Structure formats: C-alpha cells, structure tokens
Amino acid sequence: MQATTRRVAVVGGNRIPFARSNTVYATASNQDMLTAAIDGLVTRYGLEGERLGEVVAGAVLKHSRDFNLTRESVLGSRLAPETPAYDIQQACDTGIQATIAVAHKIALGQIEVGIAGGTDTTSDAPIAVNEKLRMILLEANRAKTLQGRLAALAKVRPGHLAPAIPANKEPRTGLSMGDSAALTALEWNVGREEQDELAVASHQHLAAAYERGFLDDLVTPFRGLERDQNLRADSSLEKLATLKPVFGKGEAATMTAANSTPLTDGASAVLLCSEDYAAARGWEVLAYFTASETAAVDYVHGGEGLLMAPAYAMPRMLEREGLSLQDFDFYEIHEAFASQVLATLKAWEDPIFCKERLGLDAPLGEVDRAKLNVAGSSLAAGHPFAATGGRIVATLAKLLHEKGSGRGVISICAAGGQGVTAILEK
C-alpha cells in the first residue's frame, strides 16, 4: 500500500439545462441526457476519441434496460469505447458519490483522469407491471408445458393490469420526502417566510450567475433549452406568499411548490484528474477535491429527520480535517427544500443538538448567509436527483477559481436518511 495520496484536480464541469418534468425533455432518456452532458465535456476539453481512466455515474429512477447506463452512455459519446464505466446509486447523493469514487482512484494513482456524473428523468419514469401480474407471468415462464402456461395465465384478472408506478415515499415510513421534511421544519421551528426568503435568493443568485456569464462554460444547450427551465428571475416574496402549502398539515404546513424543489429532468458531469495530467494537457485547475464524509441517520426508529444526515457528516469531516464550520469561503448546501437547509443550519447552531446528538462540547456555530449558495441552487435550478452532485461540484470549483484561493464545503441530503459532505480547495 502506498504511503501518500495525490491531490485531485477539478478541471471543469458540464451539464444540460435542467427541465421541469414532462416538458421539453419528456422524450429524452437518462442515457440521452448523460451522453449529452459527457459530450459537452469532451468537446470543451478536446477529449474526442481518448480513453479515460474511468467514467462513474448513475441515476435514481432507472429502467431495467439501463442496467449498464453509464457504460452505454460512454459508448454513445465521443470518448474512446475503451473507456471503462460503471453505475453508482445513493439517491440524491449519487452524483457526489460518483465524484468521490473517481477522486479516490486518482488520489491512489490508479487512474490519471476520469469523469463523474449523474442523470435523472421523472418524465421517463420506469413503470412496472402489477406485482400480482408479474408473479403470474413468472409462473407461466417456469411452466414446462403449454397447458401449464395457460393455467397460469388464466389467473390474470382485470385488476392485475394496473401498472406499478414508482412511489414518492419512503418504504419504511410511507411518508413522502416533502411530508418528512415538513415534520423536521416543525421540529426546528422553521417558518414560512424564512423558507420563501431562501427560495427567492436562490432564484436571484442563479439568474445573476447566468447574466454575468458564470455558467457559459458549465452548461451545454440541449433540445432547444439554454437555461434551467425552473428559473424565475422575477421571483419575489410577494409572489411566493400567495402560494398554498403542498406538504404538511396544520402548523406544519409551511412548505409550498416554490420553497420545495420540483420534479426535474437533467444530467451533469465533472472532469477530474491528477495535477500532472492537468499540467501535461495545459488545463487550468479550478479547485482540488480534498475531503468527504458520508453519514446515515435512523429516521425510522431513532427520532431523527429523514434528511438530517449531513448535520452528522459535517462535524466528523471537520474534525478529521482540523477545520471549523467558519473556515470556508463558500457553502453549497443542496436545497431539496428550503426548510431542510434552514433546519440543518439551526442544528449546527444548537448547543443541545450538538452536545446530545453530535457529541460535541460546543455548537458548530453559524454559517455566513452571504456565502451560502451564492450562484443559486436546487430551488432555482431544479433537482434531477443524481445530477445535483455534479452541478454543485462544478459550481463550487468555479467559484473558488474566480476568487483565486479559498475553501468551499458541500452538503447534500438524500432519501433513506443519508447524506454526504465534501470539501474543495483552491
């Protein structure tokens, strides 16, 4: 085993504009979108026909035909077909986990260059046959005779023809992610107005990023779309105040369609390599991927909120790296829901939570809101589950590059009570 590791350079990122479900990408598959995101990087960095060390990506909602999604996307791209690829999946953490997987191999010297990515479409969601019908069809397939097959098929009833559509809920609680987040918002006393303020800021920041050209080399037009379809540059507190809650009941009903992310289609990719490889290619390094941590919480029996795992991952990572929560120039906290961002920030400030649940002697403290999601985040851009990690890594790397130095931290919550944090430095 080697004694040292190498620094991992983030050279660039690319994504297609994110689209609301069942709109302009309604007929685009996960493979179509991921291939487009990869090819945007290929074109921008002159990788046509080249064999990379590895491509790692994934999707949360996948058809059975997509068992080898990333490899098929590579074969459909302009990369050399000899480029290895594999899928990874951890709900909304898929994109950041793909980045970590590629970064680890570069750090260990196993590969020199690789691409991490993610794609998701709720427009082209996998629809399965009814479970009872599936069992009958399997029984018919196992039958050795025509009589046996007919006997099995004779069990089919009209009700068995209803399709099984992916459910937007946690299997172990039966709650949707939004309803779970509403309970967390109530626990942490996160109000409607502060949620709306965060949502408006996200739209304003993303709109400003587009206007100043920040995203010109991070986004490739796709199917006629040049900007994120969910973006509302004219978003205001007055407009958001008119919307009715869509999650929670009673006093927990503070979450609306505007301060929650919509169902979204899209894909993203990030180009990573060693310092020597970047120098040999003449590529400018935007930032270095230096640390990460994954955590999970018991949201079923442990009394913790479904999306609170990053609150636990952060102090572990900071302790290992010898840093405090205030040692960062930028904070990229995934806006699954405005309430979740605010609950996480409040948890880090709370002495009881930090002592009793995190085992800390003192709170992690406050995050400077002026440094939070300064180029917009998921509330404005949308959230194609597996694509969000790549969007955030590329955005943060470019922000650090623009500044010329500094450190940024990422926090992404995910279904299943899991979460990932990571650090980029310049």
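**Rings, charges and buried helix faces**

The charged end of Arg15 is placed over the ring of Phe18, 4.5 Å from the ring centre. This arrangement comes from a predicted model, and a second arginine offers a companion case: Arg7 lies over the face of Tyr288, at 3.7 Å from the centre of that ring.

Aromatic rings also meet one another here, with 7 aromatic pairs in the structure. In one of them, the ring centres of Trp188 and Phe353 are 5.5 Å apart and the planes stand at 75 degrees; with an angle over 60 degrees counting as edge-to-face, the pair is therefore assigned to that class. The partners come from distant parts of the chain, 165 residues apart: Trp188 belongs to the loop between α6 and α7 (192-211), while Phe353 is part of helix α12 (residues 351-356). Both Trp188 and Phe353 are buried.

Another edge-to-face pair is formed by Phe328 and Tyr331, with 5.9 Å from centre to centre and 70 degrees between the planes. Because buried means under 20% relative accessible area, Phe328 qualifies with its value of 1%. Tyr331, at 3% relative accessibility, counts as buried by that cut-off too. Elsewhere, ring pairs join Tyr45, Tyr277 and Trp283 into a cluster.

The loop that carries Trp188 leads back to helix α6, which spans residues 177-187. The buried residues in this helix are Met177, Gly178, Ser180, Ala181, Ala182, Thr184 and Ala185. Some background helps in reading such a list: an α-helix has 3.6 residues a turn, so residues three or four places apart point the same way. Within α6, Met177, Ala181 and Ala185 are among the buried positions, as are Gly178 and Ala182. The cover over the buried residues of α6 includes two strands, β6 (245-247) and β7 (255-256), together with helix α11 (338-349). After α6 comes Asn189, which has a positive phi, near 55 degrees.

A buried position may also be held by a lysine, and Lys398 is one such residue. Lys398 is found in helix α14, which covers residues 388-403. Its relative accessibility is 11%, under the 20% limit, so Lys398 counts as buried. Which residues is Lys398 in contact with, leaving aside its neighbours within four places in sequence? The contacts of Lys398 are Gly213, Phe214, Asp217, Leu218 and Leu286. Among these contacts, Asp217 is an acidic residue, whereas Phe214, Leu218 and Leu286 have hydrophobic side chains.

Technical notes
Residues numbered from 1 in each chain as written. Predicted model: local features only at pLDDT ≥ 70, side-chain atom pairs only at ≥ 80, totals over all residues. Heavy atoms only, no water. Helix = DSSP H or I, 4+ residues; strand = E, 2+ residues; numbered from the N terminus. Buried < 20%, exposed > 50% of the residue type's maximum accessible area, 1.4 Å probe, protein only. Contact = heavy atoms within 4.5 Å. Phe/Tyr/Trp six-rings, centres within 6.5 Å; stacked < 30°, edge-to-face > 60°. Lys NZ or Arg CZ within 6 Å of the ring centre and 35° of its normal.
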